[in-house]
Amino acid sequence: MTLRTIVLATACVVAFSAAAQADETAPANLVNQCAACHGPGGKSPGPIPAIAGKTEAELAQKLTVFKAGKATDATPTATVMTRLVQGYSDAEVAAIAKYVAANWK
Ligand code: HEC
(Lines give C-alpha, C1' and ligand atoms only; values in the text may rest on other atoms or scores of the structure.)
Protein backbone atom coordinates (compact mmCIF):
# COMPACT_ATOMS: atom_id res chain seq x y z
CA MET A 1 0.00 0.00 0.00
CA THR A 2 1.48 3.33 -0.96
CA LEU A 3 1.45 6.34 1.29
CA ARG A 4 -0.89 8.04 -1.18
CA THR A 5 -3.43 5.20 -0.85
CA ILE A 6 -3.29 5.32 2.93
CA VAL A 7 -3.81 9.09 2.97
CA LEU A 8 -6.74 8.83 0.55
CA ALA A 9 -8.36 5.97 2.48
CA THR A 10 -8.03 7.87 5.76
CA ALA A 11 -9.50 11.00 4.23
CA CYS A 12 -12.51 9.01 2.97
CA VAL A 13 -13.16 7.45 6.37
CA VAL A 14 -12.92 10.81 8.12
CA ALA A 15 -15.18 12.49 5.55
CA PHE A 16 -17.74 9.70 5.74
CA SER A 17 -17.85 9.67 9.55
CA ALA A 18 -18.23 13.44 9.70
CA ALA A 19 -21.12 13.35 7.21
CA ALA A 20 -22.90 10.50 9.00
CA GLN A 21 -22.57 12.23 12.36
CA ALA A 22 -23.78 15.54 11.06
CA ASP A 23 -26.90 13.90 9.66
CA GLU A 24 -27.84 11.71 12.60
CA THR A 25 -27.21 14.10 15.45
CA ALA A 26 -28.52 17.35 13.97
CA PRO A 27 -31.49 18.29 16.21
CA ALA A 28 -33.72 18.87 13.19
CA ASN A 29 -33.15 15.24 12.21
CA LEU A 30 -33.49 13.87 15.74
CA VAL A 31 -36.98 15.36 16.06
CA ASN A 32 -38.24 14.01 12.72
CA GLN A 33 -39.51 10.86 14.37
CA CYS A 34 -41.25 12.82 17.15
CA ALA A 35 -43.53 14.33 14.50
CA ALA A 36 -44.62 10.86 13.39
CA CYS A 37 -46.55 10.41 16.65
CA HIS A 38 -46.90 13.94 18.07
CA GLY A 39 -47.99 15.46 14.74
CA PRO A 40 -46.29 17.95 12.43
CA GLY A 41 -44.69 20.66 14.56
CA GLY A 42 -45.72 18.71 17.66
CA LYS A 43 -49.38 19.72 17.24
CA SER A 44 -50.94 16.32 17.68
CA PRO A 45 -54.45 16.03 16.24
CA GLY A 46 -55.16 12.76 18.07
CA PRO A 47 -54.91 11.15 21.51
CA ILE A 48 -51.11 11.37 21.72
CA PRO A 49 -50.29 14.52 23.71
CA ALA A 50 -49.20 17.60 21.77
CA ILE A 51 -45.67 18.74 22.55
CA ALA A 52 -45.81 22.11 20.79
CA GLY A 53 -45.70 25.17 23.05
CA LYS A 54 -43.78 23.55 25.90
CA THR A 55 -40.71 25.18 27.40
CA GLU A 56 -37.22 23.72 27.02
CA ALA A 57 -37.10 23.09 30.78
CA GLU A 58 -40.42 21.21 30.79
CA LEU A 59 -39.45 19.08 27.78
CA ALA A 60 -36.02 18.29 29.20
CA GLN A 61 -37.55 17.38 32.56
CA LYS A 62 -40.16 15.06 31.04
CA LEU A 63 -37.72 13.39 28.67
CA THR A 64 -35.27 12.84 31.53
CA VAL A 65 -38.01 11.25 33.65
CA PHE A 66 -38.97 9.00 30.71
CA LYS A 67 -35.31 8.11 30.15
CA ALA A 68 -35.13 6.92 33.76
CA GLY A 69 -37.99 4.55 32.90
CA LYS A 70 -40.66 6.47 34.83
CA ALA A 71 -43.99 8.01 33.83
CA THR A 72 -44.81 11.72 34.16
CA ASP A 73 -47.80 13.15 36.04
CA ALA A 74 -49.49 14.07 32.76
CA THR A 75 -48.90 10.60 31.30
CA PRO A 76 -49.04 8.16 34.24
CA THR A 77 -49.41 5.11 32.00
CA ALA A 78 -46.41 5.91 29.79
CA THR A 79 -45.00 2.89 28.00
CA VAL A 80 -43.84 4.32 24.67
CA MET A 81 -41.62 7.23 25.68
CA THR A 82 -39.96 5.32 28.50
CA ARG A 83 -38.50 2.99 25.89
CA LEU A 84 -37.96 5.47 23.09
CA VAL A 85 -35.89 8.01 25.04
CA GLN A 86 -33.46 5.26 26.13
CA GLY A 87 -32.07 5.50 22.61
CA TYR A 88 -30.79 9.03 23.05
CA SER A 89 -27.73 10.25 24.92
CA ASP A 90 -28.18 12.96 27.58
CA ALA A 91 -26.69 15.48 25.13
CA GLU A 92 -29.21 14.45 22.46
CA VAL A 93 -32.11 14.75 24.91
CA ALA A 94 -30.95 18.28 25.77
CA ALA A 95 -30.62 19.16 22.07
CA ILE A 96 -34.10 17.78 21.32
CA ALA A 97 -35.70 19.77 24.17
CA LYS A 98 -33.96 22.93 23.01
CA TYR A 99 -34.95 22.43 19.36
CA VAL A 100 -38.60 21.56 20.04
CA ALA A 101 -39.05 24.52 22.44
CA ALA A 102 -37.49 26.93 19.95
CA ASN A 103 -39.20 25.67 16.80
CA TRP A 104 -42.46 23.93 17.68
CA LYS A 105 -44.58 26.70 19.18
C1 HEC B 1 -44.15 5.92 18.65
C2 HEC B 1 -44.81 7.18 18.94
C3 HEC B 1 -44.02 8.29 19.62
C4 HEC B 1 -42.83 8.86 19.20
C5 HEC B 1 -42.00 8.50 17.99
C6 HEC B 1 -42.55 9.92 20.16
N7 HEC B 1 -43.50 9.98 21.10
FE8 HEC B 1 -43.56 11.26 22.74
N9 HEC B 1 -45.22 10.34 23.42
C10 HEC B 1 -45.86 9.26 22.81
C11 HEC B 1 -46.91 8.77 23.68
C12 HEC B 1 -47.84 7.60 23.37
C13 HEC B 1 -46.88 9.57 24.84
C14 HEC B 1 -47.72 9.38 26.11
C15 HEC B 1 -46.85 8.67 27.16
C16 HEC B 1 -46.48 7.23 26.77
O17 HEC B 1 -47.38 6.40 26.56
O18 HEC B 1 -45.27 6.93 26.70
C19 HEC B 1 -45.83 10.56 24.63
C20 HEC B 1 -45.51 11.57 25.54
C21 HEC B 1 -44.54 12.54 25.34
C22 HEC B 1 -44.27 13.67 26.20
C23 HEC B 1 -45.04 14.03 27.47
C24 HEC B 1 -46.20 14.92 27.12
C25 HEC B 1 -46.92 15.46 28.32
O26 HEC B 1 -47.88 16.22 28.12
O27 HEC B 1 -46.52 15.16 29.45
C28 HEC B 1 -43.24 14.37 25.67
C29 HEC B 1 -42.60 15.62 26.21
C30 HEC B 1 -42.85 13.67 24.45
N31 HEC B 1 -43.65 12.57 24.28
C32 HEC B 1 -41.83 14.08 23.63
C33 HEC B 1 -41.39 13.36 22.51
C34 HEC B 1 -40.23 13.72 21.72
C35 HEC B 1 -39.36 14.94 21.96
C36 HEC B 1 -40.10 12.78 20.74
C37 HEC B 1 -39.01 12.62 19.72
C38 HEC B 1 -37.68 12.41 20.25
C39 HEC B 1 -41.20 11.84 20.91
N40 HEC B 1 -41.96 12.22 21.99
C41 HEC B 1 -41.43 10.74 20.07
C42 HEC B 1 -45.57 8.73 21.58
C43 HEC B 1 -44.43 9.00 20.83
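In the predicted model, helix 6 (90-103) has a length that can be checked against a simple expectation. The helix contains 14 residues, and at 1.5 Å a residue these should span 20 Å. The C-alpha atoms at its two ends lie 20 Å apart, so the expected and computed lengths agree.

Four residues of helix 6 are buried: Ile 96, Ala 97, Val 100 and Ala 101. Because they cover an arc of only 120 degrees around the axis, they lie on the same side of helix 6. The spacing can be understood from the geometry of an α-helix, in which there are 3.6 residues a turn, so residues three or four places apart point the same way. The exposed residues Ala 91 and Ala 102 are carried on the face of helix 6 that is turned away from the buried side.

The buried residues of helix 6 pack against two other elements, helix 2 (27-30) and helix 4. Ala 97 illustrates the packing in detail. When residues up to four places away in sequence are not counted, Ala 97 touches Glu 56, Leu 59, Ala 60 and Leu 63. Helix 4 covers residues 56-67.

The buried residues of helix 6 also belong to a wider group. The largest nonpolar core has 12 residues in all, and Ile 96, Ala 97, Val 100 and Ala 101 are among them. The other members are Val 31, Ile 51, Leu 59, Ala 60, Leu 63, Phe 66, Val 85 and Trp 104. Two elements, helix 4 and helix 6, each give two or more residues to this core.

In the protein chain as a whole there are six helices and zero strands, and the pattern along the sequence reads α-α-α-α-α-α. The chain has 105 residues, of which 14% count as buried. Among contacts between residues at least 6 apart in sequence, 54% join residues that are at least 24 apart.

The ligand is surrounded by 23 residues, and those that come nearest are Cys 34, Cys 37, Ala 74, Ala 78 and Met 81. By type, the shell around the ligand consists of 16 nonpolar residues, six polar residues and one charged residue. At least two residues of the shell are supplied by each of helix 3 (32-38), helix 4, helix 5 (81-84) and helix 6. Helix 3 provides the largest share, with five residues. Helix 4 and helix 6 thus appear both in the shell around the ligand and in the largest nonpolar core.

Definitions and conventions. Residues are numbered from 1 along each chain as its sequence is written. This is a predicted model: local features need pLDDT of at least 70, side-chain atom pairs count only at pLDDT 80 or more; totals for chains, interfaces and linings use all residues. A residue is near a molecule or strand if its C-beta atom, placed from the backbone, lies within 6 Å of it. Ala, Val, Leu, Ile, Met, Phe, Trp, Tyr, Cys and Pro count as nonpolar, Asp, Glu, Lys and Arg as charged, and the others, Gly among them, as polar. The expected span of a helix is 1.5 Å times one less than its number of residues. A residue is buried if 20 or more other C-beta atoms lie within 10 Å of its own, exposed if 12 or fewer, and partly exposed in between; C-beta atoms are placed from the backbone. The arc is that of the directions from the helix axis to the C-beta atoms. Two residues are in contact if their C-beta atoms, placed from the backbone, lie within 7 Å. A nonpolar core is a set of buried Ala, Val, Leu, Ile, Met, Phe, Trp, Tyr and Cys residues joined through C-beta atoms within 7 Å.
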